[in-house]
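User: I'd like to walk through this model at the bench with you, step by step. Could you take my questions one at a time?

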Amino acid sequence: MMRETAATTPIGVGLISVGWMGQLHSKAYRAVPMVYPELGITTRLVQAADSSDARAAFARDVLGYATSALDYREVLANPEVDVVSICAPNFLHAEMGIAAAEAGKSFWIEKPAGRSAAETGAIAAAADAAGVVTSVGFNYRHAPAVEHAKKLIAEGSLGRITNVRGTFFADYSAEPHGALSWRFTRALAGSGVLGDLMGHLVDLMHYLVGPIGEVSAVTSTVYTQRPVLQMGQGTHFAVIENGELGPVENEDYSAMLVRFADDAEGSGAVGTLEASRVAVGPRARYTFEIYGTEGSLSWNFERMNELEVAIGRTGDHIGYTTVYASPGFGDFSRFQPGAGTAMGYDDLKVIEAKKFLVAVSGGERLNSTIHDAVAAARVVSAAEESGISRGWVAIPPTVGTTAAVREPSGVGSRA
Ligand SMILES: NC(=O)c1ccc[n+]([C@@H]2O[C@H](COP(=O)([O-])OP(=O)(O)OC[C@H]3O[C@@H](n4cnc5c(N)ncnc54)[C@H](O)[C@@H]3O)[C@@H](O)[C@H]2O)c1
């Protein structure tokens with residue numbers, strides 16, 4: 001786990017794009033030495049870039065980067081930068097990820113890594129050719145309750161996994177005058193809620209249960225026009241009254257039937273996954289339910305520190321127990337001393353930063369990788385294709401992921 005370099009040598013951090021995620025990555029890099037002091041990992045915020053003057057200045061003056069720039073290439077050319085966070089809008093990810101790899105910089109890239117499976121694959125190929133370490137912003141993996149769910153599934157407590165149900169429902173665009181940010185334009189974002197939220201849910205299914213092998217999907221766009229928001233201003237939660245309208249080019253909602261890849265003999269898991277960015281009621285209700293022959297469990301991000309668990313098919317007390325994340329679950333003890341005191345979303349990014357920096361330092365590989373992004377992107381692209389063709393679409397297996405591997409016996413799964 002310890003870095004091979006002297007414990008006092010800080011890892012030089014470069015940041016590309018200083019929006020919501022860029023700010024969060026920065027906080028996370030600063031937190032790692034405090035939250036995980038025994039690792040001997042220290043960080044130095046070297047240089048940040050954003051095409052917006054105000055955001056580049058914010059990075060220098062508020063976030064604490066030594067210097068800032070308007071052109072991201074300066075960050076990649078900076079010899080003091082060892083690792084780079086790529087937090088730009090989706091359309092820039094492939095260009096930036098490939099450039100980072102070619103500059104020999106390990107990178108932590110936000111999801112979806114590319115606008116399509118092909119683009120994500122090109123980033124992965126460049127990273128592999130350069131031999132750099134990669135991590136992807138699949139933060140929900142790190143919630144201690146999710147890590148506990150993974151452990152229960154892996155040790156077989158739920159028996160053979162039979163079916164799953166997931167809903168990633170958000171209301172960030174439920175308001176008809178919600179801003180037309182880059183997320184709604186195909187050239188800038190790629191798909192809509194499929195890449196934005198479904199990709200997270202797909203990654204969780206891969207991480208917990210195993211690779212998805214086939215999908216049949218529907219998609220729909222609820223609001224076809226929205227008021228335009230200039231790049232680098234506001235957030236995608238902004239509401240603009242009386243603004244100039246522009247077209248929404250991608251889907252607000254998608255649902256898919258899935259078969260996991262081990263279903264060849266009809267004994268594998270199947271299920272339904274849904275995502276919406278226009279749901280009224282759910283705020284960020286990102287949920288999954290996983291059912292097995294001996295039990296089931298259920299998680300909801302809005303109650304991130306809780307896990308509903310039911311184990312056993314007999315007796316008078318069959319039903320769910322609410323289990324609170326506690327020091328034995330994942331990295332919970334690094335943030336809170338006892339159950340019932342809540343961790344938050346930002347803490348998940350600290351765990352993600354730690355896993356990335358440990359891998360960069362030659363330690364244990366607990367990080368997600370660009371290949372996990374390829375696997376999720378293949379499912380998203382297959383769902384888009386299925387939405388058009390109205391048929392089932394098979395997904396080719398992805399090599400090099402950190403997906404759960406199900407035992408040949410079909411009982412449980414292992415990490
Ligand atoms: N992991 C998660 O849960 C999560 C949550 C939100 C966003 N994201 C992802 O993070 C990425 C960024 O999203 P966000 O919400 O932070 O976006 P944002 O709109 O808040 O920020 C994007 C930033 O990129 C900058 N930018 C635009 N063009 C640039 C260029 N050529 N060079 C440098 N900077 C440029 C903009 O000025 C802006 O500051 C997206 O890929 C998104 O999908 C992930």
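User: Which residue of strand 4 is the bridge partner of valine 13?

Analyst: Happy to help, and please keep in mind that this is a predicted model. Strand 1 (residues 11–16) and strand 4 (residues 83–86) run parallel and are joined by four bridges. Within strand 4, valine 13 has as its bridge partner valine 83.

User: Which strands stand at the edges of the sheet?

Analyst: The open sheet has six strands with parallel pairing, in the order 3-2-1-4-5-6. A strand at the edge has a single partner strand, so one side of it is left without a neighbour in the sheet; this holds for strand 3 (67–69) and strand 6 (134–136).

User: At about what angle does helix 9 run to strand 5?

Analyst: Helix 9 covers residues 345–360. This helix lies across several strands, including strand 1, strand 2 (43–49) and strand 5 (106–109). Its angle to strand 5 is about 160 degrees.

User: Is serine 181 buried or exposed?

Analyst: Serine 181 sits in the loop between strand 7 (161–170) and helix 7 (186–189), and it touches Leu229 and His236. Its relative accessible area is 5%, and the cut-off for buried is under 20%, so serine 181 is buried.

User: How much area is buried between domain 1 and domain 2?

Analyst: The domain assignment gives domain 1 (11–139) and domain 2 (141–342 + 367–414). Their contact takes 30 residues from domain 1 and 36 residues from domain 2. Carbon and sulfur atoms give 58% of the buried area, which is about 2500 Å².

Terms used: Residues are numbered from 1 along each chain as its sequence is written. This is a predicted model: local features need pLDDT of at least 70, side-chain atom pairs count only at pLDDT 80 or more; totals for chains, interfaces and linings use all residues. Side-chain values use heavy atoms; hydrogens and water are left out. Two strands pair if DSSP finds at least two bridges between them. Helices (H or I, at least four residues) and strands (E, at least two) are DSSP runs, numbered from the N terminus. Contact means heavy atoms within 4.5 Å. Axes are lines fitted to C-alpha atoms, for helices over the stretch in contact, and angles run from 0 to 180 degrees between N-to-C directions. Buried means under 20% relative accessible area, exposed over 50%, partly exposed in between (1.4 Å probe, protein chains only). Domain bounds come from an automatic or database domain assignment. Buried area is the accessible area (1.4 Å probe) that two parts lose on being put together, summed over both. Lists of a residue's contacts leave out its neighbours within four places in sequence.
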